[in-house]
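Colleague: Could you walk me through this structure before I go back to the bench? I'd like to hear about the surface and then the inside.

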Amino acid sequence: MVKITDDYLNNQQGFADAGIKVPTYDIKQKTGATKWVHFGGGNLFRAFHAAIADRLLESGDLDAGVVVAETHDKDVVQDAYKKFNDKILRVITHEDGNFEKELFASVADALFFDQSNPDGWNKLFKIFENPALQLATFSITEKGYNLWDSKGNLLPAIEDDIKNGPEAPKNNMRFDYRRRR
């Protein structure tokens with residue numbers, strides 16, 4: 001039985017036996033400057049954007065993995081990325097009940113982008129200051145931009161932000177990205 005964290009290049013047969021397609025590139029050898037940052041490290045990114053990055057890395061049209069900037073939940077970085085060495089297993093269930101399984105190694109790094117995390121905050125600003133960066137994409141769902149509940153009431157986090165004033169907001173909508181620490 002293989003694990004996502006196994007060396008997919010040196011254990012290709014194990015992955016093949018499990019029906020998992022693996023990359024032919026070694027992400028550790030893709031050491032170019034960051035060209036792509038993606039905001040929102042959830043399922044949309046892992047299912048779609050990571051696949052596009054994987055294809056670009058395979059073809060040689062991208063020479064470094066994507067940096068994922070999670071803005072909503074710091075635990076996503078640890079639980080969905082770091083725990084699995086930034087690898088992703090995408091499983092598609094087809095209408096006939098068959099599974100298509102594919103391992104993506106297209107993430108170079110995942111970080112929590114929030115002022116409460118100075119390392120991630122400052123690292124991402126440095127990436128954006130590098131002229132090599134070519135693309136920033138976003139998949140921020142309603143939990144990142146929603147202000148109201150289903151009854152039209154402000155969410156508790158928004159009420160807290162209003163009550164506490166502009167100096168210590170908590171909601172994702174609060175960032176003044178022009179202001180650095």
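Modeller: Let me start with a term: a patch is made of residues with over 30% relative accessible area and no salt bridge, and nonpolar side chains are joined into one within 5 Å. Please keep in mind that this is a predicted model.

Colleague: Okay, so which residues form a nonpolar patch on the surface?

Modeller: Leu89, Val91 and Phe99 form that patch, and together they have about 270 Å² of accessible area.

Colleague: Where does Val91 lie, and what is its relative accessible area?

Modeller: Val91 is part of strand β4, which covers residues 88–93. Its relative accessible area is 42%, so Val91 counts as partly exposed, a class that sits between the 20% limit for buried and the 50% limit for exposed.

Colleague: Moving inside, which residues touch the most other members of the largest nonpolar core?

Modeller: That core has 27 residues, and the ones touching the most other members are Tyr8, Phe15, Phe45, Val68, Tyr81 and Ile88. The elements that give two or more residues to the core are α2 (43–59), β3 (66–70), α3 (74–81), β5 (99–104) and β6 (107–112), and the largest share, five residues, comes from α2.

Colleague: What does Tyr81 touch, not counting residues up to four places away in sequence?

Modeller: Its contacts on that basis are Gly41, Gly42, Phe45, Arg46, Val68, Val76, Asp86, Ile88, Val107 and Ala110. Apart from the core that holds Tyr81, there is a second, separate core of eleven residues, which includes Val37, Val67, Ala69 and Ile127.

Colleague: Changing topic, how many aromatic pairs does a search of the whole structure find?

Modeller: The search finds six. One of them joins Phe113 and Trp121, whose rings are stacked at 4.5 Å centre to centre with 10° between the planes.

Colleague: Are those two buried or exposed?

Modeller: Phe113 has a relative accessible area of 3%, so it is buried, and Trp121, at 0% relative accessibility, counts as buried too.

Colleague: And how is the pair of Phe113 and Phe125 arranged?

Modeller: That pair is tilted, with 6.0 Å centre to centre and 50° between the planes. It links distant parts of the chain, since Phe113 is in the loop between β6 and α4 (118–129) while Phe125 is in helix α4, twelve residues apart. Both Phe113 and Phe125 are buried.

Colleague: Which residues form one aromatic cluster with them?

Modeller: The cluster consists of Phe39, Phe113, Trp121, Phe125, Phe128 and Phe138.

Conventions
Residues are numbered from 1 along each chain as its sequence is written. This is a predicted model: local features need pLDDT of at least 70, side-chain atom pairs count only at pLDDT 80 or more; totals for chains, interfaces and linings use all residues. Side-chain values use heavy atoms; hydrogens and water are left out. Patches are made of residues with over 30% relative accessible area and no salt bridge: like charges are joined within 9 Å, nonpolar side chains (Val, Leu, Ile, Met, Phe, Trp, Tyr) within 5 Å. Accessible areas come from the Shrake-Rupley method with a 1.4 Å probe; for residues, only the protein chains shown count as cover. A salt bridge is a side-chain nitrogen of Lys or Arg within 4 Å of a carboxyl oxygen of Asp or Glu. Helices (H or I, at least four residues) and strands (E, at least two) are DSSP runs, numbered from the N terminus. Buried means under 20% relative accessible area, exposed over 50%, partly exposed in between (1.4 Å probe, protein chains only). A nonpolar core is a set of buried Ala, Val, Leu, Ile, Met, Phe, Trp, Tyr and Cys residues joined through side-chain atoms within 4.5 Å. Contact means heavy atoms within 4.5 Å. Rings of Phe, Tyr and Trp (its six-membered ring) pair if their centres lie within 6.5 Å; planes under 30 degrees apart count as stacked, over 60 as edge-to-face and the rest as tilted.
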